[in-house]
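Biologist: Please show me the model, and let us then go through its fold and its charged side chains by question and answer.

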Amino acid sequence: MIVTIRLIRNFEYRTIRTIPIREVDTQQTVEQFIARLLQEVKSVKGIPPPFKTHPYDTLKISHQAGSFKANDIVINLEDDDSLLLSGEKTLEECGVIAETELSFFNRAAYEAYKLNPEKKW
C-alpha cells in the first residue's frame, strides 16, 4: 500500500513537501510508522536539509481517496479527535487506507498555529 506524507515544516509560511511511502503495513503501530518515517525522511533525495532535521512527532489524516479535502491548504484544523493518529493504535485502527494522505508535523507548532491560524506569506 502507498501512503502520501505531507512534511509540514512551518504552518504560517506554508513550507510543505510531499513524499510517497511505499509498502506500508497497516498492522504496524503509529509509533512504529513514525520511527520509519523519521528514518526515510533523512534519506529521501530532493528534500532540503531543513526538512530532514525538523522535529516531526505527530501524524494527522489530511485526505483519503474519495473523501473531502480541507479548506485550509496547510492542514485541517478541525476533527483532531478523529484525525490525529494515536501512537499505540495500528494504522488500520486509525483509519489509514490505500492512498491516504497524512500530514507529519511538530505538535507544539500545530497547537500554536491553531490558536492563531495566520498565514505570513
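The exchange below goes from the whole chain to single residues.

Modeller: This is a predicted model, in which local features need pLDDT of at least 70, side-chain atom pairs count only at pLDDT 80 or more, and totals for chains, interfaces and linings use all residues. Residues are numbered from 1 along each chain as its sequence is written, and side-chain values use heavy atoms, with hydrogens and water left out.

Biologist: In what order do the elements of the protein run from the N terminus on?

Modeller: Helices (H or I, at least four residues) and strands (E, at least two) are taken as DSSP runs, numbered from the N terminus. The protein has four helices and four strands. From the N terminus on, their order is β-β-α-α-β-α-β-α.

Biologist: What radius of gyration does the protein have?

Modeller: The radius is taken over C-alpha atoms, and the globule rule is 2.2 Å times the number of residues to the power 0.38. Along the principal axes, the C-alpha atoms fill a box of roughly 40 × 30 × 25 Å. For 121 residues a compact globule would have a radius near 14 Å, and the protein agrees with this, at 14 Å.

Biologist: What percentage of the contacts with a separation of 6 or more comes from residues 24 or more positions apart?

Modeller: Contact means heavy atoms within 4.5 Å. Among contacts with a separation of 6 or more, the share of residues 24 or more positions apart is 71%.

Biologist: Is Gln28 buried or exposed, and at what relative accessibility?

Modeller: Gln28 lies in the loop between β2 (15-21) and α1 (30-43). Leaving aside neighbours within four places in sequence, its contacts are Phe33, Arg36, Lys89, Thr90 and Leu91. The classes are buried (under 20% relative accessible area), exposed (over 50%) and partly exposed in between, with a 1.4 Å probe and protein chains only. Gln28 therefore counts as buried, its relative accessibility being 13%.

Biologist: Which residue meets the side chain of Arg6 in a salt bridge?

Modeller: A salt bridge is a side-chain nitrogen of Lys or Arg within 4 Å of a carboxyl oxygen of Asp or Glu, and a search of the whole structure finds five. One of them joins strand β1 (residues 3-10), which holds Arg6, to strand β4 (residues 101-105), with the paired residues 95 apart in the chain. Both residues of the pair are buried. At 3.5 Å from N to O, the partner of Arg6 is Glu101.

Biologist: How far apart, N to O, are Glu40 and Arg36 in their salt bridge?

Modeller: Glu40 and Arg36 are four residues apart in helix α1, so about one helical turn separates them. Glu40 is partly exposed at 25% relative accessible area, and Arg36 is also partly exposed, at 23%. The N to O distance in their salt bridge is 2.6 Å.

Biologist: With which residue does Arg107 form a salt bridge?

Modeller: The partner lies four residues from Arg107 in helix α4 (residues 107-115), and therefore about one helical turn away. Arg107 is partly exposed, with a relative accessible area of 35%, and its partner counts as partly exposed at 30%. With the closest N and O atoms 2.9 Å apart, Arg107 pairs with Glu111.

Biologist: Which residues are joined into one network by salt bridges that share partners?

Modeller: Side chains of opposite charge can pair when their charged atoms come close. Here, salt bridges with shared partners form one network of Lys60, Asp80 and Lys114.
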